[in-house]
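Thanks for coming, everyone. I have one structure to walk through today. Let me put it on the screen.

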Amino acid sequence: MPEHGRELTTTATSLRIVDAIKRLEGARMSEIATELGLANSTVHAHLATLRNHELVVKEGNEFHLGIKFFHLGEQARHRKPEYEIVRRHAHELSNRLNEEVAFAITEHGRSVIIFDENNDPAKEGFQVGRYFHMHNSASGKAMLAEFSRGRVDEVLERWGLPKETENTIQRAEELYDELERTRERGYSLNRQEALEGLMAVGMAITTPDGDVLGSLDVSGPPYRLSEEEIVPELREAVTQIEREIASR
């Protein structure tokens, strides 16, 4: 059942093809058809439509996502002026700590990275636009801790608790306990729950009316990331962000 009402099958198929091209990092028409279990003729018609609207390009015999998606994504991640406030403070925090700092929001029950600040060019960092499940990421847990029990339940109903590493939370009650601890201490922790070798500390950013704008997190290898050092700096950055947003 679609989440928000009646779904158009043709539109859904086109979007599935877009997702398949992304997942396969470019593919021939026959590969897309096999991946999705569709007839070649169906895929051909959808690809023609996507090409006509500049969302897909063909290079040789392979289809790839068009740069138009980049333009659309840039507009989406700059649509709120508050995001630029967060980005500036995230950059300053990254410089002070010499660690990676990411800003994420929640859409459709998952965390998505909007900005990723990293002052070390040798480090690749997270891909902007990357989605994470909320139960095993610092950003996700920071936001979940601000949600009502009912809203958390909706997230779990849609996505469950996928296991990414041996440290991933697997039981709902364990997650609820973790969210309570997050509220008590004022920040969330990701103890190698999404990626092996990566720890993160996160805090939610709220607006003056109490809504969750997103969350800021600092990530790095466990041997280097110190809560005692990170938390005061992160808390100060979030406090400054919320004050600046409130004063607009």
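One term before we start: two strands count as paired if DSSP finds at least two bridges between them. With that in hand, look at Gly-202. Its bridge partner is Asp-217, in strand 8. Keep strand 8 in mind. We come back to it shortly.

First, the overall picture. This is a predicted model. The protein has nine helices and eight strands. How does the radius of gyration fit the chain length? For 248 residues, a compact globule would sit near 18 Å, and the protein has 20 Å, which agrees. Along the principal axes, the C-alpha atoms fill a box of roughly 60 × 40 × 40 Å.

Now burial and surface. Of the 248 residues, 43% count as buried. The exposed area is about 13,700 Å², and carbon and sulfur atoms supply 47% of that. On charges, there are 31 positive and 44 negative ones. Their mean positions lie 4 Å apart.

Contacts next. Take the contacts with a separation of 6 or more. Residues 24 or more positions apart account for 56% of them.

On to the strands. Back to strand 8, residues 212-220. Is strand 8 mostly covered or mostly open? Mostly covered: eight of its nine residues are buried.

Which strands pair with strand 8? Strand 7, residues 199-206, is one of them, running antiparallel to strand 8 with eight bridges. That is where the Gly-202 and Asp-217 pair belongs. The two strands form a hairpin, with five residues between them. In that turn, Gly-210 has a positive phi of about 95°.

Strand 3 also pairs with strand 8. Strand 3 covers residues 100-107, and the pairing is antiparallel over five bridges. Within it, Phe-103 stands opposite Leu-216.

Strand 3 has another partner, strand 4. Those two are antiparallel over seven bridges. Ile-105 has Val-112 of strand 4 as its bridge partner. This is again a hairpin, with two residues between the strands. His-108 sits in the turn, with a positive phi of about 55°.

Strand 4 itself spans residues 110-117, and seven of its eight residues are buried. Strand 4 also pairs with strand 5, residues 131-133, antiparallel over three bridges. There, Ser-111 stands opposite Phe-132.

So the pairing order, read along, goes strand 7 to strand 8, strand 8 to strand 3, strand 3 to strand 4, and strand 4 to strand 5.

Let me stop on Ser-111. It lies in strand 4. Why does Ser-111 count as buried? Because its relative accessibility is 2%, and the cut-off for buried is under 20%. Set aside the neighbours within four places in sequence. Ser-111 then contacts, among others, Ala-104, Ile-105 and Thr-106. Its contacts also include Arg-130, Tyr-131 and Phe-132, as well as Met-134 and Met-143.

Now some backbone angles. Most residues other than glycine have a negative phi. Two more residues here deserve a look. Asn-98 is not a glycine, yet has a positive phi of about 60°. Asn-98 is in the loop between helix 5 and strand 3. It is partly exposed, with a relative accessible area of 49%. Gln-192 is the other, with a positive phi of about 55°. Gln-192 sits in the loop between strand 6 and strand 7. At 23% relative accessibility, Gln-192 is partly exposed.

Last stop, helix 7, residues 149-159. Glu-157 lies there. Is Glu-157 buried or exposed? Exposed, because its relative accessibility is 71% and the cut-off is over 50%. Its C-alpha is 33 Å from that of Ala-27, which is 130 residues away along the chain.

Trp-159 is in helix 7 too. At 27% relative accessibility, Trp-159 is partly exposed. Its C-alpha atom and that of Met-134 are 9.2 Å apart, with 25 residues separating them along the chain. What does Trp-159 touch, beyond four places in sequence? His-108, Gly-109, Arg-110 and His-133. His-108 you have met already, in the turn between strand 3 and strand 4.

That is the tour. Questions, please.

Note on methods
Residues numbered from 1 in each chain as written. Predicted model: local features only at pLDDT ≥ 70, side-chain atom pairs only at ≥ 80, totals over all residues. Heavy atoms only, no water. Helix = DSSP H or I, 4+ residues; strand = E, 2+ residues; numbered from the N terminus. Rg over C-alpha atoms; globule rule 2.2 N^0.38 Å. Buried < 20%, exposed > 50% of the residue type's maximum accessible area, 1.4 Å probe, protein only. Contact = heavy atoms within 4.5 Å. Areas by Shrake-Rupley, 256 points an atom, 1.4 Å probe, with all protein chains shown as cover. Lys, Arg positive; Asp, Glu negative; His and termini not counted. Charge placed at Lys NZ, Arg CZ, Asp CG, Glu CD.
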